[in-house]
Amino acid sequence: MSATLIIVFREVLEAALVVGIVLAATQGVPRRMFWIGLGLASGVAGAMLVAAFAEVIANTASGMGQELFNAAVLFTAVIMLGWHNVWMSRTGRAMTQELKAVGAAIRAAERPVYALAIVIGVAILREGSEIVLFLYGIAAAEGTQTTSMFLGGVLGLALGVAAGAAIYFGLIRFAGKHLFAITGILILLLAAGMAAQGANFLVQAGYLPALGHSIWDSSRFIPDRSALGNLLHVLIGYTARPEGIQLVFYIATISIIGGLMFALRTPRKLVTAAASLTIGIMLFGASGFSGTAKAADLKVYSPIVEEGEYAIEVRGNVTHDNNPAKDGTYTQVTEFEITPTSYWHTAIFGEMKKEPFGSLQYKATGWENIFQLTPQGKYWADLGFYAEYEWGQKGGAADEVEWKILAQKNVGRMSFIINPIFETKVGGNRSGGVEFKYAAQAKWRYMPQIEPAIELYGEFGDIGHFGQWRDQRHQIGPVILGKFNMADIGALKYELGYLFGVTKRGSPDGAFKFSLEWERHF
Amino acid sequence: MSKYSALAAAFAIAALGLAPISAAAEDLPQFTLKIQNHRFVPETLTLPAGKRVVLLVTNADPTPEEFESYDLDREKIIVGNTTGKVYIGPLDPGTYAFFGDFHQDTAKGRVIVK
């Protein structure tokens with residue numbers, strides 16, 4: 001009986017905590033019980049279906065169907081949680097502007113409860129299907145113990161539901177007027193944890209690289225199997241020995257959702273958003289990252305800046321090569337950008353990198369500036385200047401300064417950009433002279449959402465003695481860029497591309513690059 | 001395109017874009033593990049350090065089992081009389097415990113990485 005109790009309790013706890021938080025977050029919404037009831041009912045029905053078809057699911061996608069299904073379910077929940085939070089921030093603003101109670105009530109009715117109903121549905125579906133399979137197994141095998149098993153199951157269920165009720169009533173009773181600020185943060189962390197877990201399923205299925213097995217190990221302090229470890233796992237996605245990729249997804253989720261919430265809040269509510277962002281930055285900085293690796297960040301810069309724009313960008317690239325020493329290098333840059341004037345764009349960024357045999361490490365914090373030198377379209381080409389300072393994050397790592405010339409020429413629907421780049425190390429541990437690099441792009445502006453391009457990147461080496469061609473890095477390949485406008489919540493920009501190595505020794509055989517940016521105007 | 005579907009599309013693009021990185025993993029070293037009478041056979045499995053491997057878990061019992069490990073951060077349900085594939089590693093040397101989630105009293109094992 002106790003084994004049944006523990007397993008059922010653990011699975012129910014996960015779903016019940018999600019339901020408890022969602023219930024608290026939808027406090028005061030008319031007809032919310034209908035949506036939540038629908039989520040519960042479809043979750044239970046779905047759990048039975050998933051259990052019944054467990055074998056079919058497992059056999060799809062070359063035996064990786066279960067992992068892909070779990071990942072899809074988790075990412076669906078992440079999007080719904082994020083959607084709800086962003087919506088809440090946006091409407092929080094509108095609510096304070098409309099002082100009339102009637103206006104606020106109508107606003108509340110429009111809240112995307114269906115998004116959270118879906119979250120409830122998928123949470124129950126995932127955990128519930130495990131319970132069904134487990135109980136089926138015991139019932140089928142040991143008929144004699146059915147009664148005690150049934151009792152254990154009911155008790156486990158009751159305890160799990162009690163935990164969910166505890167978090168719900170706790171929030172309602174003690175959160176007071178900060179209720180939605182607190183549920184907002186809880187949902188943000190819930191989403192980040194789910195994204196990391198989803199990424200782990202994709203690693204398990206062989207679709208994503210792990211990027212390092214144990215970035216840190218806190219299993220001595222809070223073991224995963226302990227009660228506290230379990231609770232933290234559900235609430236904030238705690239794992240005692242996280243993989244690098246889990247951190248990447250965790251940070252990206254917090255940056256994107258937290259950033260959207262932050263940007264869309266009214267000044268009065270800035271504090272709570274700042275708190276959620278700070279959590280992200282703390283995780284970013286405090287996870288023991290350090291490194292000296294030289295990163296190849298693949299991005300082409302336009303000299304054109306847009307006054308009043310602010311943005312969050314996550315971009316990265318991963319290499320592959322037959323030579324293990326060049327295979328699986330991963331570079332990721334997270335940027336917070338703002339353009340205060342018509343000619344000046346500035347940003348703070350953090351750079352992470354994983355070397356072929358290492359794990360993901362935090363490499364540098366940087367400050368970037370773009371100065372648009374010529375008014376757009378006034379001269380034959382548009383010109384700009386880029387200056388960047390990077391603080392190396394490890395004792396022994398030198399700081400770096402980078403200058404780029406940004407030149408752009410538009411011909412009809414074609415756009416050509418070239419960035420000559422000069423980089424030098426400065427400060428205590430400097431070495432070498434000035435290095436010469438370049439980035440270039442030829443883009444066809446087919447439609448705002450889809451712009452095919454060819455990009456080139458390379459590194460000749462130290463000015464004065466470039467070395468042999470085959471030792472230099474030169475990469476070229478197709479990239480697709482685009483931008484989706486989402487009315488008053490801003491625009492989403494993306495970049496996806498693949499770069500072939502041109503030189504044999506100096507370049508990786510291939511590199512996959514991606515970028516996701518959310519931008520908005522004051 | 002609505003705001004929501006644009007957001008979803010962007011997430012989907014990001015997710016899809018990441019998908020094919022390490023798909024060509026069929027030639028990885030394979031190791032087998034059997035579940036019989038709610039026990040693992042063998043209960044101790046030795047794996048090479050610093051390598052990605054495939055673990056083929058065969059459930060010889062008629063009832064479902066979940067191969068689970070906190071140390072390896074893996075969980076996979078193996079329906080009765082089927083075999084499941086789990087990618088593991090690359091791992092550092094050490095001992096990693098795993099268990100059958102549905103029969104925790106008996107189904108216990110460990111991976112020793114050398």
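pLDDT is the predictor's confidence in each residue, from 0 to 100. I start there because what we have is a predicted model, and where pLDDT is low, the predicted coordinates should not be read in detail.

So, confidence, chain by chain. Chain A averages a pLDDT of 83, with 88% of its residues scoring at least 70. Among the elements of chain A, strand E8, residues 434-444, has the highest mean, 93, and helix H11, residues 270-286, has the lowest, 46. Over residues 267-274 of chain A the pLDDT is below 50, and that stretch has 11 contacts in the model beyond near neighbours in sequence. Residues 280-295 of chain A also stay under 50. For that second stretch the model has 37 contacts beyond four places in sequence.

Chain B has a mean pLDDT of 81, and 77% of its residues reach 70 or more. Confidence in chain B is highest in strand E2, residues 39-41, at 95, and lowest in helix H1, residues 3-18, at a mean of 47. Residues 1-7 of chain B stay under 50, with 12 contacts beyond four places in sequence. Residues 9-25 of chain B are below 50 as well, and have 29 contacts beyond near neighbours in sequence. For the model overall, ipTM is 0.76 and pTM is 0.60.

Next, the build of chain A. How many helices and strands does chain A have? Its secondary structure comes to 11 helices and 12 strands. Chain A has 522 residues, of which 46% count as buried. Take the contacts in chain A between residues at least 6 apart in sequence: 68% of them join residues at least 24 apart.

Now the core. In soluble globular proteins, nonpolar side chains tend to be buried together. Here the largest nonpolar core has 142 residues. Those with the most contacts inside it are Val18(A), Ile21(A), Ala77(A), Val119(A), Ile120(A), Ala191(A) and Ala195(A). Take Ile21(A) from that group. Leaving aside neighbours within four places in sequence, Ile21(A) is in contact with Ile167(A), Thr183(A), Leu186(A), Ile187(A) and Leu190(A).

On to a pair of helices in chain A. The axes of H1, residues 2-25, and H9, residues 227-236, come within 10 Å and cross at roughly 35°. The crossing of H1(A) and H9(A) is right-handed. Which residues meet there? From H1(A) there are Arg10(A), Leu13(A), Glu14(A) and Leu17(A), and from H9(A) there are Asn230(A), Val234(A) and Leu235(A).

After H1 of chain A comes a loop leading to helix H2, residues 32-52, and Arg31(A) is in that loop. Is Arg31(A) buried or exposed? Arg31(A) counts as exposed, because it has 9 C-beta neighbours inside 10 Å and the cut-off for exposed is 12 or fewer. Arg31(A) and Val113(A) are 82 residues apart in sequence, yet their C-alpha atoms are 9.2 Å apart in space.

Then helix H3 of chain A, residues 54-63, where Ala54(A), Ile57(A) and Ala58(A) are buried. These three cover an arc of only 100° around the axis, so they sit on the same side of H3(A).

Gln66(A) is in helix H4 of chain A, residues 65-97. Why does Gln66(A) count as buried? Gln66(A) has 25 other C-beta atoms within 10 Å, and buried means 20 or more. Not counting residues up to four places away in sequence, Gln66(A) touches Ile57(A) and Ala58(A), and also Lys76(B) and Ile77(B) in chain B. Gln66(A) is 11 residues from Glu55(A) in sequence and 9.0 Å from it in space, C-alpha to C-alpha.

Last, some backbone oddities. Most residues other than glycine have a negative phi, and most peptide bonds are trans. Ala61(A), which lies in helix H3 of chain A, has a positive phi of about 50°. With 14 C-beta neighbours inside 10 Å, Ala61(A) counts as partly exposed. Asn81(B) also has a positive phi, near 60°. Asn81(B) is placed in the loop between strands E6 (74-78) and E7 (82-88) of chain B, and with 13 C-beta neighbours inside 10 Å it counts as partly exposed. Finally, the peptide bond from Val41(B) to Pro42(B) is cis, with omega near -5°. Pro42(B) is in the loop between E2 and strand E3 (44-47) of chain B.

Key. Residues are numbered from 1 along each chain as its sequence is written. Chains are lettered from A and ligands numbered from 1 in the order in which they are written. This is a predicted model: local features need pLDDT of at least 70, side-chain atom pairs count only at pLDDT 80 or more; totals for chains, interfaces and linings use all residues. Helices (H or I, at least four residues) and strands (E, at least two) are DSSP runs, numbered from the N terminus. The arc is that of the directions from the helix axis to the C-beta atoms. Two residues are in contact if their C-beta atoms, placed from the backbone, lie within 7 Å. A nonpolar core is a set of buried Ala, Val, Leu, Ile, Met, Phe, Trp, Tyr and Cys residues joined through C-beta atoms within 7 Å. Axes are lines fitted to C-alpha atoms, for helices over the stretch in contact, and angles run from 0 to 180 degrees between N-to-C directions. A crossing is left-handed if the near helix is turned anticlockwise from the far one by less than a right angle, and right-handed if clockwise.
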